[in-house]
There are 2 protein chains.
Amino acid sequence: MGVGDPLTPTGRVILGMVGLGKTTGYDIKQLVDRSTRFFWAASYGQIYPELRRLEQAGLLRGHEEPTGGRLRTVYELTDAGHRALEEWLGSDLDLVGEMRDEGMLKLFFSDLAGPERQLQIVRQMREALERKHAQLSALHSHASAMSSGPRLTLEYGLGATTWMIGWCRETERRLSGREAA
Amino acid sequence: MGVGDPLTPTGRVILGMVGLGKTTGYDIKQLVDRSTRFFWAASYGQIYPELRRLEQAGLLRGHEEPTGGRLRTVYELTDAGHRALEEWLGSDLDLVGEMRDEGMLKLFFSDLAGPERQLQIVRQMREALERKHAQLSALHSHASAMSSGPRLTLEYGLGATTWMIGWCRETERRLSGREAA
DNA sequence: CAGGTCATGTAAAGCGTTACATGATTTT
DNA sequence: AAAATCATGTAACGCTTTACATGACCTG
């Protein structure tokens, strides 16, 4: 596999995490769950096979570093890995997030269910957003210890979520008014 | 397959679209591409097999209705289909959008690439968002002809995108300032 | 009559989650 | 001694995209 090979989706997050100093599959998963999860998740079922694929492709180098009798494989970027990471970070992005939001889909079809249901859907969207906002807020308490990139993504997520909660609130108000009228 | 069976992801959008009066696979795909695509896409490779699965499950009924010599299978909701659709629309939503945003992922790792790259990434995010905003705006010109659900999702998408563009703009300003300083 | 739209489909490949399985070390 | 954490992995299943393939009808 040559250097020009495009990274797979999960390959991107793994390469980045190893670049940030995360060394084991477990360690990567931990940080993903505490940070990128909100816009880019990854599961063990993807991480471990992908680590080996990236090693085979020459972008990572792994060596055994057991802690006592506990197995442990530590990965680091090779020169080719560094280059691939910089190439990816410098490349254009054409795809904007293909996202899936079930609340939005329900809202789209909500005319089929009647006005009370429509209001209920917006309320549920808001509640889900509020849960998300709470999780992001919890992370934000460590913001001072974050470097620029992670802090920016967190503030973006927090701000966007806040806007969306506000939209839901105002829409709930408008829809309730319509019912009362 | 009983009524209590959970709908597959694509099953949901198809059932909804048939509920809205879309009758053929082609027709469904057209509307998806002009509307829900921004938060819920679907491809022919999913639509046609899923239509048959939903028919087998008793939620849809399909019959041949050729236009001249041109094959055409028209679907409609069965009673069970109506019930399944209402059940889904009335159910709680626990999952908030699992989304994937490559711009955010790049921004997260942007410290590895230097300050100019970081600025470049935010600029690219804004440009992608502006393209999306333009597409949504084009749809919005027909807003008066839309029913409540579709109009709400469109306005939500437009508003959220506008907020995000503003965030990018302000962040670009802040990051440029930092460079100049 | 050429190009666009209507209309349907399949096969292969890739992506991803979930559930399962194992075992050592550390903390309470 | 139990519970939590560290650590790695696989198998099955399901979802989705992409590329390919076909052909009729309509418009200029």
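Q: Domain bounds come from an automatic or database domain assignment. Which domains does the assignment give for chain A of this predicted model?
A: Chain A is assigned domain 1 (9–90) and domain 2 (102–180). Taken over C-alpha atoms, the centres of these two domains of chain A are 32 Å apart.

Q: What makes the two domains of chain A count as being in contact?
A: Contact requires heavy atoms within 4.5 Å. Domain 1 of chain A contributes 4 residues to the contact and domain 2 of chain A contributes 5, so the two domains meet the criterion.

Q: Which three residues supply most of what domain 1 of chain A buries against domain 2 of chain A?
A: The area buried between the two domains is about 400 Å², with carbon and sulfur atoms giving 72%. Arg34(A), Phe38(A) and Phe39(A) supply 84% of the area buried by domain 1 of chain A, more than any other three residues.

Q: How many salt bridges cross the interface of domain 1 and domain 2 of chain A?
A: A salt bridge needs a side-chain nitrogen of Lys or Arg within 4 Å of a carboxyl oxygen of Asp or Glu; the rule finds 0 across this interface.

Q: Why is the pairing of Ser43(A) with DNA strand C called a polar contact?
A: The cut-off for a pair of N or O atoms is 3.5 Å. A polar side-chain atom of Ser43(A) lies 3.1 Å from a phosphate oxygen of DNA strand C, and the pair therefore qualifies.

Q: Why does Tyr48(B) qualify as near DNA strand C?
A: Nearness requires a heavy atom within 4 Å. A polar side-chain atom of Tyr48(B) is 2.9 Å from a phosphate oxygen of DNA strand C, so Tyr48(B) qualifies.

Methods:
Residues numbered from 1 in each chain as written. Chains lettered and ligands numbered in written order. Predicted model: local features only at pLDDT ≥ 70, side-chain atom pairs only at ≥ 80, totals over all residues. Heavy atoms only, no water. Polar contact = N/O pair within 3.5 Å; in protein donor to acceptor, adjacent residues only side chain to side chain. Buried area = accessible area lost by both parts, 1.4 Å probe.
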